[in-house]
Structures are given as structure tokens and as C-alpha cells.
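Dear colleague,

I am handing over the structure shown below, together with an account of what was found in it. Please read the notes with the structure open beside them.

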Amino acid sequence: MPQPPAQVTAAEISRIAGVTRATVSNWRRRHDDFPAPSGGTDSSPLYDLVDVQKWLGARGHASTADPAEELRTTLRLHPGGGGMTGALLPLVLATARRTPEERTALAGLSDAELVTRADRAVADLAELVPGAEAVHFAAHDVDVLRALLRCVQDDASGEAALAVLAERELEDSAASGTYRTPVQLADLVARLVPGPYAQVMDPACGSGSLLSAAARRGATVLYGQDSVTVQAQRSAVSLLLAAPDADITVRAGDSLRADAFGGATVDAVLCNPPYGDRDWGHDELAYDARWAYGVPPRAESELAWVQHALAHLVPGGHAVLLLPPATASRASGRRVRMELVRSGALRAVVALPPGAAAPFHVGLQIWVLRRPEPAGPAHTSVLFIDTSEAAGTGADTATGPGTRTGGTASGTRTGRTPMNWTALTETALTQWSAFAKDPDAYADEPGTARAVPVVDLLDDVVDLSPARHVRASRTDVAPAELAREVDEVRRRLVAGAKSLGRAAGYDDWSAAGPAPRVWRTATASDLSRGGALTLLRTAPDSKGSAGAASVTAVLTGLDIARGTAPSGDPSGLRADGAPVIAAGDVLVRAVAGGSGAMARVADDADAGALLGHQVHLFRPDPARLDPWFLAGFLGAEENIASASTGSTVLHVSPGRLRVPLLPLEEQRRYGEAFRRVHALRTEAARATELAEETARLLVGGLTGGGLVPSAPAAAGSGAAAESA
């Protein structure tokens, strides 16, 4: 069947040509030969990609596309479409492993030689990448091969090429079931395994996020398996690029039905398994030796994964799994849960707030398990942790204009309150570490964590939901202490509301006239070439902690979005590969979308921090560019949209952002306005956070018995007031 022609929007045309969307609109109006729409609607027309490329090529615009965008476009034109993903993934690894000189030499090969070399390079990876032995390229693949080579030449880490390939067949979706575990959550899961561990397995490895986190923790032997072949390929390639010194084995196949690692045992198992899968092999695996804690019911595939993980552990080894909350309470799984608790295999359950990971509307749970040792200690309690309050509570209590909100970070959370991964991680690790060290001496944290005796859990339901057990301890808070906490938060709310009012009082602007102003603009690349600013970004290969020990934090894109001080972990960067932020630098998030600001100006609190991977740094010459003027225009919604590439994940191309060419004095007037707007956004976020915290404490105190409403006024005084 012939492949339908690829179609593009006007925004995609602007990215292909390396121009603004306004320029594309001008082309449509001014050039009669511009391709006519081939689909879409009047308000959102679609254009035939081949016709657009021919039109752009005739005018010299086609070659200005970003290498990643060029690869994306070439894939759309290829007759194989998304089917090329599995063939190109091992080639990304083979190309990224080459030296720059070798990649340049490859670019100079003839078409036939390039196809031959690509075949040979992929064949050499047959033992490392699942399915690589079946990959063969043909003459019609040359355009894709050259586009991939240029993409890896532009980004030697291979991450840009992997991102483009992931957009096609590996895109996160409910239909495909391929969800990528957020890096912050993957790091938390890896850190919940006590002590160092060398061998780790993920039987549903997906894109390899959990195994990569384990490698960052020092694991040197990594085993992965996934039922989706292209996911196994992606995982293998990502791991081999990120942890080249590790011993990595990734296989394709269903771990429950066809375990690729048989009786192998490891120090730790990390897993984010498929949820709600009724076709997991219940009937054919009914007598499987892995079900040491009971045969998982047909509707409890998650409990099959739990026991599969335990079966692959050495005695005393730990498994950490990310599971849906229903696993903790469904009636069908009660007997298996009972045996997990009774045997001491289940050590802790950590509740996450909605938005921590897909599916975002569900508050997932982390189960920490330990394979019992034949002569090991008896475990008499299970730890329950609820991180929902930590994930949405600010830590910065300062007041006054310009104060940043603390603690709330816009990670993957989709709600109005962004995710505070730093506080969430600290809460979970602090409580779990104290419990793991000495369960008998562990002291409960009211409202956050509680160690529940095993005997109290073995009832008719065996409900392991943390909220049920943790909330029961809130009455431990003394009423006087609770009242003081409410008064303190309410005082901060009143001060925050006043500060917000002052910020909202700024009105020093007026209408521009009958029509909007129009400026001459220049791209950031043009300004950089002219010496007006310097563009900086952390080197893609700056992984590892060497040289970063003296740095206290890393500024991330999440910090920009939430308006907080640098909160990233410096252990993930090398000081010699990451720029050090200075006051006056303009910081722009490298990934568009989500809530919160896209740009800000670094202040004294940011100075000295390392620049994170997902942030672009613009260092202006103060004699030529005002920082706040620059930040305001760089972070504008239309500007970001015009300079972004990608479909699901929008990556900002910093050099394509445009800035008006205005005299410095006029820049400063705009800069002051942008600074006031930034203060307004910051104060509004902070006031909202404090209002929600005040309401939460009041409702919890009233319903928990710690607070009581004030007594009504005496009848006499009421009557007197009425008569008056």
C-alpha cells in the first residue's frame, strides 16, 4: 500500500527553514508559487512536505534546518517511516562511538560505501543491541543515514538523535504503554536500595531510565529485558552511551513468560512494570516456582512482577518497584500481600502524589522489598511514608518583594502546584534510612511516616495504603503546637498577600498606539557573533562528579519554572564541563512547555551554581544589552514556539531566539517592566502556596481534633450589638 504523503504545519515549516513563523506567513502572502494547503483547516492548514522542501530548496532555505529537525523531516519522507527506528537505534551507538575525525570521514563516503559501512557497523553490535543482527540498509536509506550522521556530528552524545527516534515509535502514550520514568523518580528508586550494589536488573526496562540511575549509583553489571523489541534496543543504546564501562546485557522478550536471565540472581531489582495487564500469563504460569508468596490472581499482574523481582534477588537483596495504588488494597491480592508482610519481604511502601509519573492522575506507590535470608533477623514492622505534603510544600519562609517561592518544582506534575522533587526525595530517603538502620528504634513522623507492626496489618483486608496508616498518627501532634503552626503560616500568608498587592500595583505602561510596535530583530546567534552576548551550555558528556565537589547546587530548568534557588544535584556534573553562573546571566529553559517562567535573570542566590543540562545561559555585555530586557523577550511565548523543535518534547534552539534591536536606554525601560512582571509571578505563586498550606492545616486540625472553632459570642452582647 502506498504511504500517504507527509504533511507539515506552518510552525514545522519555520523550524525546517530556520526562520520565524511570521516569515512563513509572509511567504504565503507574498509568493504566489508557495505550496497550496493539502489538508487541515482554514485556521490550521497542512502542507505537503515534499512540495515545501522543493520550494525551500529553490530559495536556499532547506539547508538552514537544525540537524535534529533535518533527521526528523527525512524520517517522515522515508518510505519505511517509523519502521526505521529499530534499524537506526544501533547505528546511533555505532556513530556516537566514533571520533569526530572518523565521523567526518564517513560523511565523505559515497552512497554505496556509506550503506556498506552502516551495515558492517550495526552487525558488530549484534551481541550488544537486540535485533541488530537483522538490520540491513539499502540504497534508498542513504538520505536517512546521512541525516543521522549529521545529527550525531552536531551532538556527539547521541541524545538528540535518540530523542528524534523516540518521537516516532517510542512516543509516550496510553496506547503503546511506553512511559519513560522521570529521571528524578528513577534516581529516588535507585537510592532506596540500601548501601552499594554492583549487579542490578530491570525486567521491564523500557528506555533504561532505572538502570541508568543505578549506573550513576555505582552499579557495574546491568541486566535489562523488555517485551517491546524497539524499547529493548533503545535501552541498550542509551545505557551503552551513558555507562560505557559497565557490563550491560539487554534482551527482548516477555520477562514473565520467557525470562531471559533464568535463575540469575542480583543485588538489586528496580522495575516500573506494566499496569493492569490481564494477559500476563496467569493460566500458563499457574505452577511457576516464582510464586513463593501465592499465585497472583488474574487481575494482579503487579503482584506477579513483585514475586518475579524477589526471585531474582540474592538473599538479603532489595527490590524497588513502582506500582499503582490499587495493588495495596485490591481484595483479589489480599492473600499474596499477607504473605509478603508475614514473611518480612515487604519493608516499606512510599506514596507519591499524583503527577510524579505517568499516568499523571494517579498517585503511584514505591514498594521496597527484601528477599528474606534463611537465618536473617525477623522483621516485625513495615514502614509507610506519604510524600504528598513534602512534594507541594515550600521551604522558603522569607517574605518581601522579589522573594522566590521555595520548594515547589515543576517536574512532571500536571496540576497547578508543581512538584518539589528535592523535598519529596529527602523525605522518602530520610525516613527509610532511619527505619532500615534500626527498625526497633525508629520514631514515627506524624503526618509523614509511621512504622506499623506486622500484627496490625494482618487483618481481613491487608490494606497497605500509606495514607490509611500515616494519617492515623496525626493526632500525635499537640493541639498547642498545631495552633502555633497555623498561626505562623497564616502570618506568612498575610505578609505574602500584602507583597502580592504591591507587585500587582505596578501600572507604568500604556497602549502603544493604533497598531502594535514593530521592531527590527536579530537572532541570539547574530548577537553572539557580534559580541553582544555569549551563549553557554553544559557539555553533553559532562557526567560524573569529579571536580564538582565544592559546588553546592546545580540550576535546573525546573528551578526556572518554579522560581526557586538552584536545587539540582552537583554529583551529576563535572565542574570543567558546566559553566558557573554569574549574577546578571540570563537563563532560559531548554525544553518548552509546562507551567512557570521560561526565563529569568540570575541573582546573587544563583551565582556560583553550575548550569544544568536543560538550561541555556546567555551572558550579555551590559554596555549593549539589558539583562531583564533580554530575558523578557527571550522567554516570550511566541519567540519560544518559533525556536523550538520536536512534537511531544519541544527543545529550544537558543541561537534562533530573536531580540529587538533597541537603544540601551529603551531596553532598560522594558527591562524594568519585565522585572516587575517577574516579581508579580513570583509573589502570586508564593501567595497561592501559602493559602493552600493554611487551608490544609486548618481543615486537618479541625477534622483531626487538634483545633476547635471559637465559641460564639454571649447572647447578651449579641442582643446589644443588634439593638445598637
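D254 has a relative accessibility of 24% and therefore counts as partly exposed, since that class lies between the limits of under 20% for buried and over 50% for exposed. Please keep in mind that this is a predicted model.

**Salt bridges**

The side chain of D254 meets that of R257 in a salt bridge, with N and O 3.3 Å apart. R257 is likewise partly exposed, at a relative accessible area of 33%. In total, the structure contains 25 salt bridges.

A further pair is formed by E683 and R686, whose closest N and O atoms are 3.9 Å apart. Both residues belong to helix 24, which spans residues 664–704, and they are separated by three residues, about one turn of the helix. E683 and R686 are both buried. Returning to the pair described at the outset, D254 and R257 belong to one network with D279 and E284, joined by salt bridges that share partners.

The salt bridge between D111 and R146 has its closest N and O atoms 3.0 Å apart. Here the pair connects distant parts of the chain: D111 lies in helix 7 (residues 111–123) and R146 in helix 8 (residues 142–154), with their positions 35 residues apart in sequence. Are these two partners buried or exposed? D111 is partly exposed, because its relative accessibility is 42%, whereas R146 is buried, because its relative accessible area is 16%. As a general matter, side chains of opposite charge can pair when their charged atoms come close.

**The contact of helix 7 with helix 8**

At what angle do the axes of helix 7 and helix 8 cross? The crossing angle is roughly 70 degrees, and the two axes come within 10 Å. Helix 7 is therefore roughly perpendicular to helix 8. On the side of helix 7, the contact is made by D111, L114, V115 and A118, which meet V142, L145 and R146 in helix 8. Five of the residues in this contact are nonpolar, two are charged and none is polar. D111 and R146, the salt-bridge partners described above, thus also appear in the list of residues through which the helices meet.

**T95 in helix 5**

T95 is located in helix 5 (residues 85–96). T95 counts as buried because its relative accessibility is 7%. Leaving aside residues up to four places away in sequence, T95 touches R103, L149 and V152. T95 and L149 are 54 residues apart in sequence, yet their C-alpha atoms are 7.0 Å apart in space.

**Strand 11 and its neighbours**

How many residues of strand 11 (residues 381–386) are buried? Six of its six residues are, so strand 11 is largely enclosed by the rest of the structure. Its two faces are both covered: S381, L383 and I385 are buried on one side, and V382, F384 and D386 on the other.

Strand 11 pairs with strand 9 (residues 346–351) in the parallel sense, over four bridges. Within this pairing, I385 of strand 11 is the bridge partner of V350. Strand 11 is also joined to strand 12 (residues 449–453), in this case by five bridges and in an antiparallel arrangement. V382 stands opposite V452 of strand 12.

With kind regards

Definitions and conventions:
Residues numbered from 1 in each chain as written. Predicted model: local features only at pLDDT ≥ 70, side-chain atom pairs only at ≥ 80, totals over all residues. Heavy atoms only, no water. Salt bridge = Lys/Arg side-chain N within 4 Å of Asp/Glu carboxyl O. Buried < 20%, exposed > 50% of the residue type's maximum accessible area, 1.4 Å probe, protein only. Axes fitted to C-alpha atoms, helices over the stretch in contact; angles between N-to-C directions. Parallel < 35°, antiparallel > 145°, perpendicular 65-115°, else oblique. Contact = heavy atoms within 4.5 Å. Nonpolar A, V, L, I, M, F, W, Y, C, P; charged D, E, K, R; others polar. Pairing = 2+ DSSP bridges.
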